[in-house]
Amino acid sequence: MKSTLLSRRDLEFLLYEWLRVDELTKRDRFSEHSRETFDAVLELCEQLATRYFAPHNKKSDAAEPTFDGEKVSVIDEVKEALDAFGQADLMGMAMDAEFGGAQLPMTVAEAGFAWFSAANVSTTGYLMLTIANINLLTKFGTPEQIEAFVRPMLAGRFSGTMALSETQAGSSLADILTRAEPQDDGTYRLFGAKMWISGAEHELTENIVNLVLAKIPGGPPGTKGISLFIVPKYLVAPDGSIGERNDIALAGLNHKMGQRGITNTVLNFGEGKYQPGGAPGAVGYLVGEPHRGLAHMFHMMNEARLGVGMGAVSLGYTGYLKSLEYARERPQGRPVTAKDPSAPQIPIIGHADVRRMLLAQKAYVEGGMALLLYCAKLVDLANSAESDDERDAATLLLDILTPVGKSWPSQWCLEANSLAIQVHGGYGYTREYDVEQHYRDNRLNPIHEGTHGIQSLDLLGRKVTQRGGASLAALGTAIGQTVAHATAAGGETAELAAELDATWQRLVEVTTGMFASGDIEAAMANSVVFLEAFGHLVVAWIWLEQLVAVNGRSGDFYDGKRQAARYFFRYELPRTAPQLDLLARLDRTTLDMRDEWF
Ligand SMILES: Cc1cc2nc3c(=O)[nH]c(=O)nc-3n(C[C@H](O)[C@H](O)[C@H](O)COP(=O)(O)OP(=O)(O)OC[C@H]3O[C@@H](n4cnc5c(N)ncnc54)[C@H](O)[C@@H]3O)c2cc1C
């Protein structure tokens, strides 16, 4: 039976017919692997996600974690799923072999991981945070820290969190107040409160490795004074055994709209509820250099941002497949041209407007999946590069695509979930069907890991201009290559290539004009409009790439790809024209609006 989580056929197309990930095995880093090992991992992911993660998705939404003042309880199925994932040795799918990982390409690992997010994004959240935590510590941690914390996380015994946000400091991390007091033995004691921390406090694992941002007193102000610490729930003795409880107290759980299966916590550090070594203060171990914490954390955040994008795609994807199945089965109404009211009703997929909603979802979710796998391949190219130039080229492109990879699916695959509800009609608005939960779960994605607005500031304020516009130029080169291939293919593919090329030229012209004006306030005021036009252009490029890969082949699958590409160019890419016009005018409507006029 075909899965309604993801499409295996689409993944095969993207991985092998388009991105040709099997060719990565020619590189040293991946030489131990083959298409067979890739397929085996993908198959295993699909099976485990279907068997252990999907069945409790609704239950963990309805029975969210509870706190009795001492302990947090989470339904048993979450632990069973996490244990199954750990036992399958999947935690280290893409990690370096020297740390016990399987060193698979990130592209394959991401595709594998998508099965879990589609099945149950909350339970998968515990894994995502742990994996990002491991990746950060293997890069910046000491050998002792790796031994004490990374190895048990890899084995699934410990789990990880990232603790940046505070009540008064969400987008503006420069304003965090948590402080880390240095101790004579080289450790630190942390005091302060963190807000919104996912995956903290539970009994699912033996220990929880919190990666916490805090300021060492006397350091520089703002983000340059932020350092990064490991602050475990329990201290770990030199022999690896679990020691005293650290001074981290759960002030309470947040009650969320979606993603309810994963705990979301308010944590107090150093309030004295627990007294490790006989004194209050949460014991912390500095990671990397002092005051470089945000830069270190960004290593995790960039990965987490792409992870958020993939989570959004996965939720959009499963909503699409479920609404497609529903539309094939639900009889309602008759064709517009049917005259006989006693003729049998047709399944709603027969109505053009329902096909429009399905086609839009297909274009968003397959476009989003392709974008995220493309980004993952850039990570692989950078990690396995044979020269600095090659690494630099992949990194430049990845840099500018990261805010898009996070934001575009968070917006448009959420829209896909909304359309999936619409296809279900009234039934989609009830909890008997899955799609309302997918929408609620997906609604988080434009908020966390840097809001939509913050991503737009990152794209326009940093990425577009970084290194004298080198990232933007790298994207221009990549788009130019696709346009050349598509033009050579001729026919409709060449026509779409010309449309993409014209939109790209216009975007470059508008961007140059915005910066040349010197009116940075007006330019940045419409950064979200820029992000959205830029995102649609990038995804149109990704659709053209897919169309080139389809390359005239026949059959339903390829015809479906062609039609979705056509849809994207006819219905979606034209949205960018008025957006680019508004940007070119340096429109001041929002700036000129006054508080008292609201
Ligand atoms: C369910 C959930 C899970 C989370 N998990 C974690 C976690 O595990 N670890 C963690 O550290 N954090 C976590 N967060 C926190 C999350 O990253 C923050 O909520 C997010 O960064 C936004 O911060 P805020 O909520 O304080 O909103 P604010 O920063 O107050 O933003 C409110 C609005 O103002 C806008 N805004 C803010 N500053 C600017 C600006 N300079 N320019 C333009 N617009 C601006 C924002 O875009 C937004 O629309 C989680 C949040 C939620 C809801």
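1. Let's start with β4 and β5. In this predicted model, strand β4 covers residues 179-182 and strand β5 covers residues 188-198, and the two pair in the antiparallel sense through four bridges. If you want a spot to check by eye, go to Pro182, whose bridge partner in β5 is Tyr188.

2. The turn of that hairpin is worth a look too. Five residues sit between the strands β4 and β5, and Gly186 takes a positive phi near 90 degrees in this hairpin.

3. β5 has further partners. It runs antiparallel to strand β12 (residues 282-286), with three bridges joining them. Tyr188 turns up again here: this residue stands opposite Gly284 in β12, besides being the bridge partner of Pro182.

4. Then there's strand β11 (residues 264-269), which is also antiparallel to β5 and is joined to it by five bridges. For a residue pair to click on, try Ile197, which has Thr265 as its bridge partner in β11.

5. Moving on to a helix: Arg562 lies in α17, which spans residues 556-572. Is this arginine buried or exposed? Its relative accessible area is 18%, and the cut-off for buried is under 20%, so Arg562 counts as buried.

6. What does Arg562 touch, once neighbours within four places in sequence are left aside? The contacts are Leu547, Val550, Gly552, Arg553 and Ser554. Note that another arginine, Arg553, is in that list, so if you are setting up charges, this is the pair to pull up on screen.

Definitions and conventions
Residues numbered from 1 in each chain as written. Predicted model: local features only at pLDDT ≥ 70, side-chain atom pairs only at ≥ 80, totals over all residues. Heavy atoms only, no water. Pairing = 2+ DSSP bridges. Buried < 20%, exposed > 50% of the residue type's maximum accessible area, 1.4 Å probe, protein only. Contact = heavy atoms within 4.5 Å.
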